[in-house]
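New to this one? Let's take a walk through the model together, starting on the inside and working out to the loops.

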Amino acid sequence: MGVEFKGVGHYLPERIVYNDEIRTRLKYPEMHPAEKAVIGNIGVTERHRVNETETVPYMAMKAANDALADAKMKPEEIDLFILANWTDRYYLPDLAPQASKLTGTKNALAFDISTACTGFVHGVQMAACYLQSGRWKNALVIGSERFSVRTRMGGYGEFTAGDAAAGVVLSYTGSKTTGLIDSFLVDEADLADIIVTGPPPNSYVKSYPELVTNAADLTLKAFDMLMEKHGLKESDVTWVVPHPGTDIVVQDVLNRIKFPREKVLGNFDRVGNASAASIPIVISEYYKKGIIKKGDLLLTPAVGGGFYWGGLLFRF
């Protein structure tokens with residue numbers, strides 16, 4: 001597609017919440033069977049929580065600055081700023097212009113998208129469409145989520161929810177050897193009711209047991225579709241970075257994926273589900289550790305409420 005990944009960055013809130021703290025405020029000592037069917041064995045030992053100053057635009061700005069530094073680019077060079085967020089949706093205004101102003105990307109068109117946990121896939125796909133038009137050159141795609149505000153305090157969902165921001169700088173270079181190879185996003189209206197939020201102001205997320213099977217099945221289907229479409233073998237792909245969901249989904253995907261487990265990257269145990277920020281956080285962390293390297297081939301399947309599923313295939 002000629003769209004390259006020029007930089008990657010992330011931001012994790014300062015405060016870390018451990019399981020013992022959450023257990024002190026649990027309303028019920030044992031998980032309800034319906035919750036157990038969705039959450040499983042929790043699988044998260046720590047997660048980050050925002051303070052009152054760590055808003056969605058603020059976290060997006062921190063992640064954007066990190067990605068710009070990695071890309072060795074100035075904020076003024078960005079002409080498109082896409083913010084993926086569902087946890088803090090308002091009727092008006094969008095949050096992306098606020099994040100763009102904080103970042104200093106004064107020449108960028110900024111707007112929000114809201115496709116839950118497929119937000120990063122959606123954002124990259126949309127940015128690629130803009131960049132290929134020739135009118136835009138450089139884009140920031142950032143997922144910034146406060147998942148903790150969409151889980152009920154004292155409930156077991158609090159164990160899984162993580163707050164964070166992460167994203168990438170994309171540029172149109174016309175390269176045929178690196179960058180985005182393929183992307184797709186599918187909507188499934190028939191599955192819309194398996195994960196919902198209640199009415200404002202306390203719009204807590206509620207998942208039904210059917211979510212688990214569909215999330216795992218469609219994650220694996222997205223993986224298989226991209227592999228088959230491009231004639232890839234497991235040895236061709238360097239890393240798989242699936243969106244985590246809950247521990248029971250993570251374990252189901254790991255048990256069934258046609259890929260060596262050591263090549264499946266994640267940080268669910270210490271970050272939790274950060275929705276649209278989950279996939280780029282993993283990429284940013286492992287890149288900064290020197291594990292993901294330039295030239296690696298990555299496949300990132302994702303499933304999100306709405307209901308959406310899809311994935312990206314790109315050479316980093």
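What follows is a tour of the cores, a helix, a pocket and a few unusual spots in the backbone.

One thing to keep in mind: this is a predicted model.

Let's begin with the inside. The largest nonpolar core has 34 residues, and the members that touch the most others are Val124, Leu170 and Ile283. Helix H5, which covers residues 119-132, gives this core its largest share, six residues. There is also a second core of 27 residues, separate from that one, and among its members are Val38, Leu218, Val240 and Phe307.

Go back to Leu170 for a moment. Leaving aside residues up to four places away in sequence, leucine 170 touches Val3, Glu4 and Phe5, then Val124, Ala127 and Leu131, and also Lys137, Asn138, Ala139 and Val141.

Now for a helix. Helix H7 runs over residues 210-229, 20 residues in all, and spans 28 Å from its first C-alpha to its last, close to the 28 Å expected at 1.5 Å a residue. Which of its residues are buried? In H7 they are Leu211, Val212, Ala215, Ala216, Leu218, Thr219, Leu220, Ala222, Phe223, Leu226 and Met227. When you read a list like that, it helps to know that an α-helix has 3.6 residues a turn, so residues three or four places apart point the same way. Leu218 may ring a bell, since it is one of the residues in the second core. Once H7 is over, you come to glycine 231, which has a positive phi near 60°.

Next, a pocket. The second largest pocket holds about 300 Å³ of space. It is lined by 17 residues, and the closest to its centre are Val250, Leu254, Gly266, Asn267 and Phe268. Three helices each supply at least two residues of this lining: H8 (247-256), H9 (268-271) and H10 (278-288). Of the contributors, H8 gives the most, with five residues. Sort the lining by character and you get ten nonpolar residues, five polar and two charged.

Time for the loops, beginning with two cis peptide bonds. One goes from leucine 92 to proline 93, with omega near -5°. Proline 93 sits in the loop that links strand E4 (80-84) to helix H4 (96-103). The other goes from glycine 306 to phenylalanine 307, with omega near 15°. Phenylalanine 307 belongs to the loop between strand E12 (297-304) and strand E13 (308-315), and this residue was also named in the second core.

Two more loop residues have a positive phi without being glycines. Isoleucine 42 has a phi of about 70° and lies in the loop between helix H2 (33-39) and strand E3 (46-49). Alanine 116 has a phi of about 50° and lies in the loop between strand E5 (109-113) and H5. Are they buried or exposed? Isoleucine 42 counts as buried because its relative accessible area is 11%, under the 20% cut-off. Alanine 116 is buried too, because its relative accessibility is 12%.

Our last stop is serine 133, in the loop between H5 and strand E6 (138-146). Serine 133 is partly exposed because its relative accessible area is 47%, a value between the 20% and 50% limits. Its C-alpha is 42 Å from that of isoleucine 16, and the two residues are 117 places apart along the chain.

Conventions: Residues are numbered from 1 along each chain as its sequence is written. This is a predicted model: local features need pLDDT of at least 70, side-chain atom pairs count only at pLDDT 80 or more; totals for chains, interfaces and linings use all residues. Side-chain values use heavy atoms; hydrogens and water are left out. A nonpolar core is a set of buried Ala, Val, Leu, Ile, Met, Phe, Trp, Tyr and Cys residues joined through side-chain atoms within 4.5 Å. Buried means under 20% relative accessible area, exposed over 50%, partly exposed in between (1.4 Å probe, protein chains only). Helices (H or I, at least four residues) and strands (E, at least two) are DSSP runs, numbered from the N terminus. Contact means heavy atoms within 4.5 Å. The expected span of a helix is 1.5 Å times one less than its number of residues. On a 1 Å grid over the protein atoms alone, a cavity is a set of points where a 1.4 Å probe fits but cannot get out, and a pocket is an open set with protein on both sides within 12 Å along at least five of seven lines; lining residues have an atom within 4 Å of a point. Grid points are joined across faces, edges and corners, and a volume is the space filled by probe spheres set on the points. Ala, Val, Leu, Ile, Met, Phe, Trp, Tyr, Cys and Pro count as nonpolar, Asp, Glu, Lys and Arg as charged, and the others, Gly among them, as polar.
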